[in-house]
Amino acid sequence: MKRKTAAVLTTLAMVAALFAGCGNENTKGDKEGGNSGGSGASYTIGISQFAEHGSLDNCREGFLKGLEEEGIEEGKNLKVVYDNAQTDTGTAGTIAEGFVSQNVDLICAIATPCAMSAYNACLETEIPVVYTAVSDPEEAGLADGEGNPVGNITGSSDILPVEAQLGMIQKLMPEAKKIGIIYTTSEANSISTIATYKELAGKYGFEIVDSGITAPSEVELAAADLVTKVDCITNLTDNTVVDALQTVLAIANEKKIPVFGSEIEQVKSGCVASMGIEYVELGRQTGVMAAKILKGEAKAAETPFITATEAELYVNTAAAEQIGMELDEGYIKDAAETFTEVAAE
């Protein structure tokens with residue numbers, strides 16, 4: 001496999017909010033220096049993650065790396081209280097409220113539903129919220145119309161490089177006309193990204209055929225219907241759909257319909273290719289931001305959110321072989337990473 005440097009991050013302006021959860025531990029770590037960042041300071045943070053899948057796991061991994069780079073390390077001067085909402089927005093709210101009741105020093109919210117829940121839970125507190133994997137902070141109500149923070153919240157956006165994805169699909173499937181997308185109707189990021197796809201699709205000669213779902217149980221039926229109407233499927237970073245990726249892949253593979261991912265983990269798991277971002281790096285940059293806030297070197301309400309702005313090509317040749325798809329060797333030779341097998345789930 002070949003590997004190049006993944007996503008590059010740049011600044012924009014961001015949001016206010018706060019965040020909490022009913023984690024697996026109930027006692028708060030001692031703070032000698034508090035958020036003043038003294039050399040003897042120790043911290044307790046709550047991490048709320050919306051779903052269990054590779055990209056969000058990578059965000060969490062990178063976040064802890066970023067903290068460690070700044071001298072805040074789990075088991076030394078950091079206590080982490082972690083909880084997962086299992087794609088349930090109600091659970092995300094309960095987790096956020098639990099973190100607030102524990103009076104954690106900071107909440108890390110991974111994915112939009114958790115960030116929104118944390119924002120609401122922390123409105124009457126001084127707990128800073130730092131989010132990651134939020135595609136559209138403005139659409140989610142975490143930033144104002146000019147991109148400025150709306151409260152004690154900041155973080156990182158994983159907005160999809162839609163135009164780059166459309167260009168990739170055109171290169172790999174020059175005869176394709178219809179692209180299918182499954183999305184969750186209650187997820188603000190997905191609604192925003194669908195609009196962007198529809199706005200840009202005509203430029204590449206594509207028509208977008210979208211199928212909205214309201215619950216994980218609807219993914220199978222939506223995929224079965226979609227494969228009868230489209231030439232390929234492209235995924236968003238929609239957490240409910242990504243959580244059911246293997247269901248989508250099984251149905252699409254049977255019909256020899258390519259599925260394109262939105263990031264590296266989806267390609268590892270069986271999508272043919274993606275122009276996507278690298279979530280460990282996104283999480284790492286977010287962790288560095290959080291460390292500065294914990295140490296009193298920055299304030300969440302005054303810190304612009306950062307955005308992954310450059311996409312890399314990821315390819316899975318084994319996934320293409322499964323459906324009899326021939327890949328343009330000249331195009332894929334410069335992929336950031338090429339996988340020759342489908343990762344076991």
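Colleague: How do the side chains of glutamate 61 and lysine 65 meet?

Modeller: They meet in a salt bridge, at 3.2 Å from N to O. The term stands for a side-chain nitrogen of Lys or Arg within 4 Å of a carboxyl oxygen of Asp or Glu.

Colleague: Before we go on, what kind of model is this?

Modeller: It is a predicted model, where local features need pLDDT of at least 70 and side-chain atom pairs count only at pLDDT 80 or more, while totals for chains, interfaces and linings use all residues. Residues are numbered from 1 along each chain as its sequence is written, and side-chain values use heavy atoms, leaving out hydrogens and water.

Colleague: Thanks! How far apart are glutamate 61 and lysine 65 in helix H1?

Modeller: They are four residues apart in H1, so about one helical turn separates them. Helices (H or I, at least four residues) and strands (E, at least two) are DSSP runs, numbered from the N terminus.

Colleague: And is glutamate 61 buried or exposed?

Modeller: Glutamate 61 is partly exposed, with a relative accessible area of 37%. Lysine 65 is partly exposed too, at 39%. Buried is under 20%, exposed is over 50%, and partly exposed is in between (1.4 Å probe, protein chains only).

Colleague: How many salt bridges does a search of the whole structure find?

Modeller: The search finds 14. One of them joins the side chains of lysine 295 and glutamate 70, at 3.3 Å from N to O. That pair links distant parts of the chain, 225 residues apart: lysine 295 sits in the loop between H10 and strand E12 (306-308), and glutamate 70 in the loop between H1 and E3.

Colleague: Which side of the cut-off does lysine 295 fall on, buried or partly exposed?

Modeller: Lysine 295 counts as buried, at 16% relative accessibility. Its partner, glutamate 70, is partly exposed at 23%.

Colleague: Where do lysine 268 and glutamate 265 lie?

Modeller: Both lie in helix H9 (residues 264-268), three residues apart, which is about one turn of the helix. They form a salt bridge as well, with the closest N and O atoms 3.3 Å apart. Lysine 268 is partly exposed at 28%, whereas glutamate 265 is buried at 16%. Elsewhere, Glu70, Lys292, Lys295 and Glu297 are joined into one network by salt bridges that share partners.

Colleague: New topic! How many residues does the largest nonpolar core have?

Modeller: It has 50 residues, and among those with the most contacts inside it are Ile45, Phe63, Leu67 and Tyr131. A nonpolar core is a set of buried Ala, Val, Leu, Ile, Met, Phe, Trp, Tyr and Cys residues joined through side-chain atoms within 4.5 Å. The elements giving two or more residues to this core include strand E2 (43-49), helix H1 (54-69), strand E3 (78-84) and helix H10 (279-294). The largest share, six residues, comes from H10. Apart from this core lies another, of 33 residues, including Leu172, Tyr183, Cys232 and Ala335.

Colleague: Which residues does isoleucine 45 touch?

Modeller: Not counting residues up to four places away in sequence, isoleucine 45 touches Phe63, Leu67, Leu78 and Leu294, among others. Here a contact means heavy atoms within 4.5 Å.

Colleague: Onto sheets. In which order do four strands form an open sheet?

Modeller: The order is E8-E7-E9-E10, with parallel pairing. Two strands pair if DSSP finds at least two bridges between them. Strand E8 (207-213) and strand E10 (259-260) are the edges, each pairing on one side only. Seven bridges join strand E7 (residues 178-184) to E8, and threonine 184 stands opposite isoleucine 213 in E8.

Colleague: What about strand E13: how many of its residues are buried?

Modeller: Five of its five residues (312-316) are buried, so to say it in words, E13 is mostly covered. Glu312, Tyr314 and Asn316 point one way, and Leu313 and Val315 point the other way. E13 pairs with strand E11 (residues 273-276) in the antiparallel sense over four bridges, with glycine 276 opposite glutamate 312. E13 also pairs with strand E14 (residues 337-339), in the parallel sense over three bridges. There, tyrosine 314 stands opposite glutamate 337.

Colleague: Last one: what does arginine 60 lie over?

Modeller: Arginine 60 lies over the face of tyrosine 82, 4.4 Å from the ring centre. The cut-offs ask for NZ of Lys or CZ of Arg within 6 Å of the ring centre and within 35 degrees of the ring normal.
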